[in-house]
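Please look over the model shown here. Some questions on its pockets and one residue come after it.

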Amino acid sequence: MSATGPTSAIGIPQRNTAALLPTRIGDATVEYFQLEDGGDTTRAVQNAKKLIGENNVDALIGPSTTPNAFAILDIIAEAKVPLLATVGTQSVVEPVDAKKRWVFKTTQNDDLIAAALLKHMVKNHVKTVGFIGFNDPYGENWYKVFGSLSERAGIRIIASERYARADQSVMGQALKLIAAKPDAILIAAVGGPAVLPQATLFDQGYKGRIYQTHAVATEDFIKLGKEKVEGTVLAAGSMLVIDDIADTDPIKKVALTYIGVYEKQFGQKPATFGANTYDSGLILQRAIPSALKVARPGSEAFRSALRDAIEQERDVVGCQGVFNMSPTNHNGMDERARVLVTVKDGRFRLLPE
């Protein structure tokens, strides 16, 4: 995980959540190893090689960031170790080819989130959009997915800018976006760094609506942005606004259980990013007993059986959604995995669709 560095707001709750995962599943004792990559792709590769080569792991959960997930795909495929990725970018699992058949994902796909944002844009008569995102796979995939869906919705992207995760200024990009006069702006970035362009746009007087992706679903986004992120619209898992969710929603029961054990252990509520790790654990709890019937842990046969078992999991209710995996869908989430959210009075609140 990336519990240090620019995306630590994602990595810290994931690191903490790993401590809550069960140490016994069926007849098997489960041992966990945690390694920190600081958001660095080189370290992510080194960590994956160590966990596979030295620790002989049967499965991996993580990494925290999209670039790091892409960096270890070849290693995962060669070693034939199931990976439960906790990143948003759907191209980590699509298409399900020889490499990605070993990868599953417990975060909502970008197109699921983008569709919700576009529905809100259409309802609010948005016709033109400015886009600014990371100059890495996360930002590029969002531009590709959103661009394709927005065109079908009759919404044009009239300005497109990029920036690096570690940049300290996006003044030039912000001024270009404002000059294009879009009805709204979409920011495709993660955690704290996603605040930078929004704060800059606010300071330069931009008055249009600003949309963010589910990668800002953390209280740190509001703490850093303060009044400059008021009115932001995003789509995210219902756990972000769990108090606003109906008690009849089965996701609410699972999410509240997770929140309760996390609060007891760490004294505060977890960010939704930790739920991606928790849901990975729930899927493994369902799949491991099936794999144990085929082979002993620590063997290629067991890892292969575990991969096959995960692929067959149906109706796994998690904190972020309900998972229905298949040979062609290694995410398995549907519209139950997202709600519209806005920032109002310094809090995330449910926004009726």
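The questions and answers below cover two pockets and one asparagine.

This is a predicted model, where local features need pLDDT of at least 70, side-chain atom pairs count only at pLDDT 80 or more, and totals for chains, interfaces and linings use all residues. Residues are numbered from 1 along each chain as its sequence is written, and side-chain values use heavy atoms, with hydrogens and water left out.

Reader: Is Asn276 buried or exposed?
Author: Asn276 lies in helix H11, residues 272-292 (helices are DSSP runs of H or I, at least four residues, and strands are E runs of at least two, numbered from the N terminus). Buried means under 20% relative accessible area, with a 1.4 Å probe and protein chains only. Asn276 has 1% relative accessibility, so Asn276 counts as buried.

Reader: How many residues that line the largest pocket are charged?
Author: Nonpolar means Ala, Val, Leu, Ile, Met, Phe, Trp, Tyr, Cys and Pro; charged means Asp, Glu, Lys and Arg; the others, Gly among them, are polar. The lining of the largest pocket holds 25 nonpolar and ten polar residues. Its charged residues number four.

Reader: Which element gives the largest share of the lining of the second largest pocket?
Author: Helix H9 (219-225), helix H10 (250-266) and strand E14 (347-350) each supply at least two residues of that lining, as does H1. The largest share is four residues. That share comes from H1.

Reader: Which residues does Asn276 touch, not counting residues up to four places away in sequence?
Author: Contact means heavy atoms within 4.5 Å. With residues up to four places away in sequence left out, Asn276 touches Gln14, Thr86, Thr106, Thr107 and Gln320.

Key: Buried < 20%, exposed > 50% of the residue type's maximum accessible area, 1.4 Å probe, protein only.
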